[in-house]
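Welcome! Here are a few exercises to help you find your way around a new structure, each with a solution to follow step by step.

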Amino acid sequence: RFGNQTLNYRLFYDGKHFVGEKRFESIHDLVTDGLITLYIETKASEYISKMTTNPIYEHIGYATLLREKVSRRLSRTKNESRKASVTSEENTPVEKITSLVRRAALTQNDNHFNYEKAHNFKVHTFRGPHWCEYCANFMWGLIAQGVRCSDCGLNVHKQCSKYVPNDCQPDLKRIKRVYCCDLTTLVKAHNTQRPMVVDSCIREIEARGLKSEGLYRVSGFTEHIEDVKMAFDRDGDKADISASIYPDINIIAGALKLYFRDLPIPVITYDTYSKFIEAAKISNPDERLEAIHEVLMLLPAAHYETLRYLMIHLKKVTLHEKENFMNAENLGIVFGPTLMRPPEDSTLATLNDMRYQKLIVQILIENEDVLF
């Protein structure tokens, strides 16, 4: 009973009490949090509804910078809009030292590639008083007072998270590994155009493995490939994958394929998968090429740039077909399922689409100079 109203809540029990996303160790904590929330929402409902209308984002130039980026991107041609560009802004004095200001300073002062990235918000319990970095207002409640971006550390109210732009600047200290990490998150954290795994492996393969028979088709030893994976996770771009450590080039090729397979979102994203498959089914070669080009424009910029760089490399592999016996069709068979996976985990869908996956990669290799 609160504010002359009787309010009913359904409680669940699984070792803890919880309402919605909040879980409590005891009924006492649940009631305490409920009273705090009810009091704030009753006494300050009008204020709460207006909290997001004048965010501190505006005052430190964060949103302004984002709008400038969008304007620049829209003013480019369709092709140019997918090429990564580097911006350097003048220094702007900032007074408050928060994770939001740190990212604003990164955007202004460092050479960061203009890859858009949404924040990875997760419900978070803050110990002690905490303020929202979007609206600068207090976060109330006993637990789960707001959300925190696990990639950059931005702390905001849950309702404010809906208004934060896709301007996440991941903090390298928060990125625990290289493999199995979101592609855009990794490149923004390391401030590179492409994942350093891709650059390092391709550089090594082109230096000593283009003529290797069955390149990418012949498997290296699994345990050695795992060693390479651990080296990248541990040492990042300083990982030593030279011939003195791994003389078999198939180990490096296997590590590159494993990186693509381990991506939580494939290089050819789940959102574009069905569009690529539909494009592959077009019988007219010119129309099919045009359709594939249009879908490529829908890829996130970091995914597009990684795919472009890989296709240039695979084209070089095909130029040594007489020695390595790997033409575009063979590489399509190898890389089709590696670069694109159906959104639903269906074995039947994967089998049905396999020939189209192969065809897409084959076309991308053969026409990389036209499509990218």
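**Exercise 1.** In which helix is Leu35 found? Then decide whether Leu35 is buried, partly exposed or exposed, and name the surface patch residues that go with it.

*Solution.* Keep in mind from the start that this is a predicted model.
- Step 1: Leu35 belongs to helix α1, which covers residues 27–43.
- Step 2: The relative accessible area of Leu35 is 44%. Buried requires under 20% and exposed requires over 50%, so Leu35 counts as partly exposed.
- Step 3: Together with Ile27 and Val31, Leu35 makes a nonpolar surface patch of about 240 Å².

**Exercise 2.** Describe the surroundings of Ile252, starting with its helix.

*Solution.*
- Step 1: Look in helix α9, residues 249–262, to find Ile252.
- Step 2: The relative accessibility of Ile252 is 0%. The cut-off for buried is under 20%, so Ile252 counts as buried.
- Step 3: Set aside the neighbours within four places in sequence; Ile252 is then in contact with Cys201, Glu204, Ile205, Arg208, Val228, Ile241 and Tyr246.
- Step 4: Lys229 lies 23 residues from Ile252 in sequence, and their C-alpha atoms are 9.7 Å apart in space.

**Exercise 3.** How many residues of helix α6 are buried, and what is found at its N-terminal end?

*Solution.*
- Step 1: Helix α6 spans residues 183–190, and 7 of its 8 residues are buried.
- Step 2: The buried residues are Leu183, Thr184, Thr185, Leu186, Val187, Lys188 and Ala189.
- Step 3: At the N-terminal end, Asp182 acts as a cap, with a side-chain oxygen 3.4 Å from the backbone nitrogen of Thr184.
- Step 4: After α6 comes Asn191, which has a positive phi near 55°.

**Exercise 4.** Work out the strand order of the open sheet of 3 strands and say which strands are at its edges.

*Solution.*
- Step 1: The order is β6-β7-β8, and the pairing is antiparallel.
- Step 2: β6 (121–124) and β8 (155–156) are the edge strands, each pairing on one side only.
- Step 3: Strand β7, residues 146–149, is joined to β8 by 2 bridges in the antiparallel sense.
- Step 4: Across from Arg148 stands Asn155 in β8.

**Exercise 5.** Step back to the whole protein chain: how many helices and strands are there, and what percentage of the residues count as buried?

*Solution.*
- Step 1: The chain holds 16 helices and 8 strands.
- Step 2: It has 372 residues, of which 48% count as buried.
- Step 3: The chain exposes about 19,400 Å², with 51% of that supplied by carbon and sulfur atoms.

Definitions and conventions: Residues are numbered from 1 along each chain as its sequence is written. This is a predicted model: local features need pLDDT of at least 70, side-chain atom pairs count only at pLDDT 80 or more; totals for chains, interfaces and linings use all residues. Side-chain values use heavy atoms; hydrogens and water are left out. Buried means under 20% relative accessible area, exposed over 50%, partly exposed in between (1.4 Å probe, protein chains only). Helices (H or I, at least four residues) and strands (E, at least two) are DSSP runs, numbered from the N terminus. A polar contact is a pair of N or O atoms within 3.5 Å; within protein, one must be able to donate a hydrogen and the other to accept it, and residues adjacent in sequence count only if both atoms are side-chain atoms. Two strands pair if DSSP finds at least two bridges between them. Patches are made of residues with over 30% relative accessible area and no salt bridge: like charges are joined within 9 Å, nonpolar side chains (Val, Leu, Ile, Met, Phe, Trp, Tyr) within 5 Å. Accessible areas come from the Shrake-Rupley method with a 1.4 Å probe; for residues, only the protein chains shown count as cover. A salt bridge is a side-chain nitrogen of Lys or Arg within 4 Å of a carboxyl oxygen of Asp or Glu. Contact means heavy atoms within 4.5 Å.
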